[in-house]
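I opened this notebook to record what I looked up in the structure, entry by entry. The overall make-up comes first, then the strands, the helices and the two ligands.

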Amino acid sequence: MFVSFPEPVVKTAPVRTTERIRLGKTLVIAIDGPSGSGKSSVSKEVARRLGLAFLDTGAMYRAVTWHCLNAKIDLKNAAAVEAAARTMRFEQNLTPDADFVKVNGINVTEPIRRPEISQNVSAVATNLGARKELVRRQQAIIAECNQRIVVEGRDITTVVAPNAEARLILTASEEARLRRRGRQLGGTQTAAQLAEQVLARDAKDSTVVDFQRAADGVFTVDSSELDFAQTVDAVINVVRRAVNEVPTA
Ligand SMILES: Nc1ncnc2c1ncn2[C@@H]1O[C@H](COP(=O)(O)OP(=O)(O)O)[C@@H](O)[C@H]1O
Ligand SMILES: Nc1ccn([C@H]2C[C@H](O)[C@@H](COP(=O)(O)OP(=O)(O)O)O2)c(=O)n1
């Protein structure tokens, strides 16, 4: 089946009216990478352009963290955090155009992005019991979406969807990632706070999952020197290569 790309939302990319991609029944695109590399924003745009569902797995780790802080569950108590991940009711957007996260019916879309959550989320990310439960939930979501979905996080290419049709690491230099995150947070954070939320967090998260190096068969896109539209194009080109797309006239 061939599907034409709809008009890209971001229009700085070269317009390729003949752009087409060969899509099978299933198309899981797995994207991992460090903080601030552009995973969420780029994955959403790729999902829009290919007409796929979208799953932000980091939002799930953030939601568990929010829930624990809100319910005064000690993040150092591994069993309690795992139990929270198992029992909490969780709703999340699965399309790229809506953005919402609810925990036990409470809208936490905005609070889970706050620096307080970024500073504490590694306690959940390094809890192996909580990870197991979240991976289980993520795999169920992929199945519910009939395996037509872009999934982004840290262990998607290796653990959650190792058989995805297209797997890639999206990376960028530390300098680019700090600059982007600083701008995204409206210049409210000092250099030291940004380094803590981006670099120190990546260092902690790396102790349980390797999202810096591409596993066998995983492509790498480095967006340090690319703008947003160019990065989206680069990812889509990788998807085309991964699904053995034959170039169209
Ligand atoms: N290639 C790029 N060039 C410039 N800014 C980018 C690029 N990719 C993403 N961004 C911006 O950087 C910020 C961080 O991106 P985000 O998608 O939240 O990263 P991640 O999910 O990897 O932490 C966002 O404001 C996003 O719009
Ligand atoms: N699949 C995933 C997704 C996120 N995580 C962890 C690692 C991160 O510190 C937190 C938050 O992830 P998120 O993607 O929202 O973080 P960034 O926006 O990239 O800074 O969750 C993970 O361990 N595994």
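**Entry 1. Overall make-up.** I note at the outset that this is a predicted model. I looked up the secondary structure and found 10 helices and 10 strands in the chain. The chain has 249 residues, of which 39% count as buried. I then turned to the contacts with a separation of 6 or more, and residues 24 or more positions apart account for 76% of them.

**Entry 2. Strand 8 and its partners.** Is strand 8 enclosed or open? I checked residues 148–153, which make up this strand, and 5 of the 6 are buried, so strand 8 is largely enclosed by the rest of the structure. I next looked up the pairing. Strand 3, residues 27–32, runs parallel to strand 8, and 6 bridges join the two. One bridge of strand 3 takes Asp32 to Gly153 in strand 8. Strand 4, residues 53–56, also pairs with strand 8 in the parallel sense, over 4 bridges. Here I recorded Asp56, whose bridge partner in strand 8 is Glu152.

**Entry 3. A three-stranded sheet.** I looked up strands 5, 6 and 7 and found that they form an open sheet in the order 5-6-7, with antiparallel pairing. Strand 5 (90–92) and strand 7 (106–107) are the edge strands; each has a single partner strand, so one side of each lacks a neighbour in the sheet. Strand 6, residues 101–103, is joined to strand 7 by 2 bridges. For Val103 I found Ile106 of strand 7 as the bridge partner.

**Entry 4. Helix 2 against the sheet and helix 3.** I followed helix 2 and found that it lies across strand 5 and strand 6, at about 35° to strand 6. I then examined helix 2 with helix 3, residues 78–87: their axes come within 10 Å and cross at roughly 115°. The crossing of these two helices is right-handed. Which residues make the contact? Helix 2 contributes Val64, His67 and Cys68, and helix 3 contributes Val81, Ala84 and Ala85. By class, I recorded 5 nonpolar residues, 1 polar and no charged in this contact.

**Entry 5. Ligand 1.** I listed the surroundings of ligand 1 and found 17 residues, with Gly38, Lys39, Ser40, Ser41 and Arg180 the closest. Helix 1 (39–50), helix 8 (174–184) and helix 10 (228–242) are the elements that give two or more residues to this shell. Helix 1 has the largest share, with 4 residues. I sorted the shell by class into 3 nonpolar, 10 polar and 4 charged residues.

**Entry 6. Ligand 2.** I repeated the search for ligand 2. There are 17 residues around ligand 2, and Ser35, Gly58, Tyr61, Ala125 and Gly153 come nearest. Gly153 is also the bridge partner of Asp32, as recorded in Entry 2. At least two residues of the shell come from each of helix 1, helix 2 (57–70), helix 5 (122–125) and helix 9 (191–205). Which element supplies the largest share of the shell around ligand 2? I found it to be helix 2, with 4 residues. By class, the shell around ligand 2 holds 5 nonpolar, 6 polar and 6 charged residues.

Methods. Residues are numbered from 1 along each chain as its sequence is written. Chains are lettered from A and ligands numbered from 1 in the order in which they are written. This is a predicted model: local features need pLDDT of at least 70, side-chain atom pairs count only at pLDDT 80 or more; totals for chains, interfaces and linings use all residues. A residue is near a molecule or strand if its C-beta atom, placed from the backbone, lies within 6 Å of it. Ala, Val, Leu, Ile, Met, Phe, Trp, Tyr, Cys and Pro count as nonpolar, Asp, Glu, Lys and Arg as charged, and the others, Gly among them, as polar. Two strands pair if DSSP finds at least two bridges between them. Two residues are in contact if their C-beta atoms, placed from the backbone, lie within 7 Å. Axes are lines fitted to C-alpha atoms, for helices over the stretch in contact, and angles run from 0 to 180 degrees between N-to-C directions. A crossing is left-handed if the near helix is turned anticlockwise from the far one by less than a right angle, and right-handed if clockwise. A residue is buried if 20 or more other C-beta atoms lie within 10 Å of its own, exposed if 12 or fewer, and partly exposed in between; C-beta atoms are placed from the backbone.
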